[in-house]
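Work through the following exercises with the sequence and the coordinates open. Each task is followed by a stepwise solution.

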Amino acid sequence: MALPLIWIGVAAVGAAIVAEEKQKQKQVASLRKRGLAKISHENGNSAELAPSLWRTDGQKVRPVPGSIVCCFVYGVIEHTGVWLGDDTLVELHGSGLVRAISAKRFLADRSGSRIYQAGNHLHQALVADETLERAKQAIFSYREYDLFDNNCHRFVWQCVSGEDCEVTSFAKLNNHLGRYFKQAIYWDEIIQ
């Protein structure tokens, strides 16, 4: 008898967390629409508007060559890459191969149907000068892939900054991006 009650309790707590996150996402989207969104980055605050499993507003953006993009992997973690253009992006695959693939393939065998682009409070893509060129030069290279030490986030950060340093999580990538661009990071769904 206690086990079903525990499951009900866990489900209730989970639903409350989901509802709270969805409400936060809507509030941030509302602030952006009214021009009141946070502009500057705060160290340790990974992203003002993170990619969301729930749609928060109808705003979608056109992907820009050299921009940082991401998608969900089974709703648990994010996978990142660099947009090349013409429905193509560069990713570090789990095999260690850096490859250029279509948006459809980027989403294949993952949980979502949406790709998000890192941008500022005005829905403008954040693109560093050499990102696109570094991403192109890395295609067909091989890296010793490791989920924590040498992952897609580290690859993307190296494309953006030219710096090869440990980036163990999506939150850490967002913090690096915020410091680099000196702006709060927002993730907007792209038009596909």
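The exercises below concern a predicted model, and they cover its sheet, its salt bridges, its main pocket and one serine.

**Exercise 1. The sheet**

Task: Determine the strand order of the open sheet of six strands, and state which strands stand at the edges.

Solution.
- Step 1. Reading across the sheet gives β4-β3-β2-β1-β5-β6, and the pairing is antiparallel.
- Step 2. The edge positions belong to β4 (98-102) and β6 (186-189). Each has a single partner strand, so one side of each is left without a neighbour in the sheet.
- Step 3. On average, and with direction ignored, neighbouring strands are turned by 40° against each other.
- Step 4. Helix α3 (residues 131-138) packs on this sheet, where it touches β2 (77-85), β3 (88-92) and β4. The helix direction makes about 100° with that of β2.

**Exercise 2. Strand β1 and its partners**

Task: Describe how β1 pairs with β2 and with β5, and decide whether strand β1 is enclosed or open to the outside.

Solution.
- Step 1. With β2, strand β1 forms six bridges in the antiparallel sense. Within β2, glycine 81 is the residue opposite valine 69.
- Step 2. The hairpin of β1 and β2 has three residues between the strands, and tyrosine 74 in this hairpin takes a positive phi near 55°.
- Step 3. With β5, strand β1 forms two bridges, again antiparallel. Cysteine 70 has tyrosine 116 of β5 as its bridge partner.
- Step 4. Six of the six residues of strand β1 (residues 68-73) are buried, so the strand is largely enclosed by the rest of the structure.

**Exercise 3. The pairing of β5 with β6**

Task: How many bridges join β5 to β6, and which residue of β6 is the bridge partner of glycine 119?

Solution.
- Step 1. Strand β5 covers residues 116-119, and four bridges join this strand to β6 in an antiparallel arrangement.
- Step 2. The partner of glycine 119 is tyrosine 186.

**Exercise 4. Salt bridges**

Task: Find the salt bridges, taking a side-chain nitrogen of Lys or Arg within 4 Å of a carboxyl oxygen of Asp or Glu as the criterion. Then classify the partners as buried or partly exposed, with under 20% relative accessible area counting as buried.

Solution.
- Step 1. The criterion yields three salt bridges.
- Step 2. One of them joins lysine 60 and glutamate 189, with 3.6 Å from N to O. Lysine 60 lies in the loop between α1 (2-33) and β1, and glutamate 189 lies in strand β6, so the pair ties together parts that are 129 residues apart in sequence. Lysine 60 is partly exposed at 36%, whereas glutamate 189 is buried at 11%.
- Step 3. Another joins glutamate 91 and arginine 99, with an N to O distance of 2.7 Å. Glutamate 91 has 0% relative accessibility and is buried. Arginine 99 is buried as well, with a relative accessible area of 15%.
- Step 4. Arginine 154 and aspartate 164 also meet in a salt bridge, at 2.8 Å from N to O. Arginine 154 is in helix α4 (residues 152-161) and aspartate 164 is in the loop between α4 and α5 (170-181), 10 residues apart. Arginine 154 counts as buried at 16%, while aspartate 164 is partly exposed at 44%.

**Exercise 5. The largest pocket**

Task: State the volume of the largest pocket, and identify which element gives the largest share of the lining.

Solution.
- Step 1. The volume is about 360 Å³.
- Step 2. The lining of the largest pocket has 19 residues, of which Ile77, Glu78, Tyr145, Leu147 and Cys152 are the closest to the centre.
- Step 3. The elements that give two or more residues to this lining are β2 and α4.
- Step 4. The largest share, three residues, comes from β2.

**Exercise 6. Serine 102**

Task: Place serine 102 in its element, and state which residues serine 102 touches, not counting residues up to four places away in sequence.

Solution.
- Step 1. The residue belongs to strand β4, which is one of the edge strands.
- Step 2. Its relative accessibility is 29%, so serine 102 counts as partly exposed.
- Step 3. With that sequence limit applied, serine 102 touches Asp87 and Thr88.
- Step 4. Leucine 84 is 18 residues away along the chain, and the C-alpha atoms of leucine 84 and serine 102 are separated by 9.7 Å.

Technical notes
Residues are numbered from 1 along each chain as its sequence is written. This is a predicted model: local features need pLDDT of at least 70, side-chain atom pairs count only at pLDDT 80 or more; totals for chains, interfaces and linings use all residues. Side-chain values use heavy atoms; hydrogens and water are left out. Two strands pair if DSSP finds at least two bridges between them. Axes are lines fitted to C-alpha atoms, for helices over the stretch in contact, and angles run from 0 to 180 degrees between N-to-C directions. Contact means heavy atoms within 4.5 Å. Buried means under 20% relative accessible area, exposed over 50%, partly exposed in between (1.4 Å probe, protein chains only). On a 1 Å grid over the protein atoms alone, a cavity is a set of points where a 1.4 Å probe fits but cannot get out, and a pocket is an open set with protein on both sides within 12 Å along at least five of seven lines; lining residues have an atom within 4 Å of a point. Grid points are joined across faces, edges and corners, and a volume is the space filled by probe spheres set on the points.
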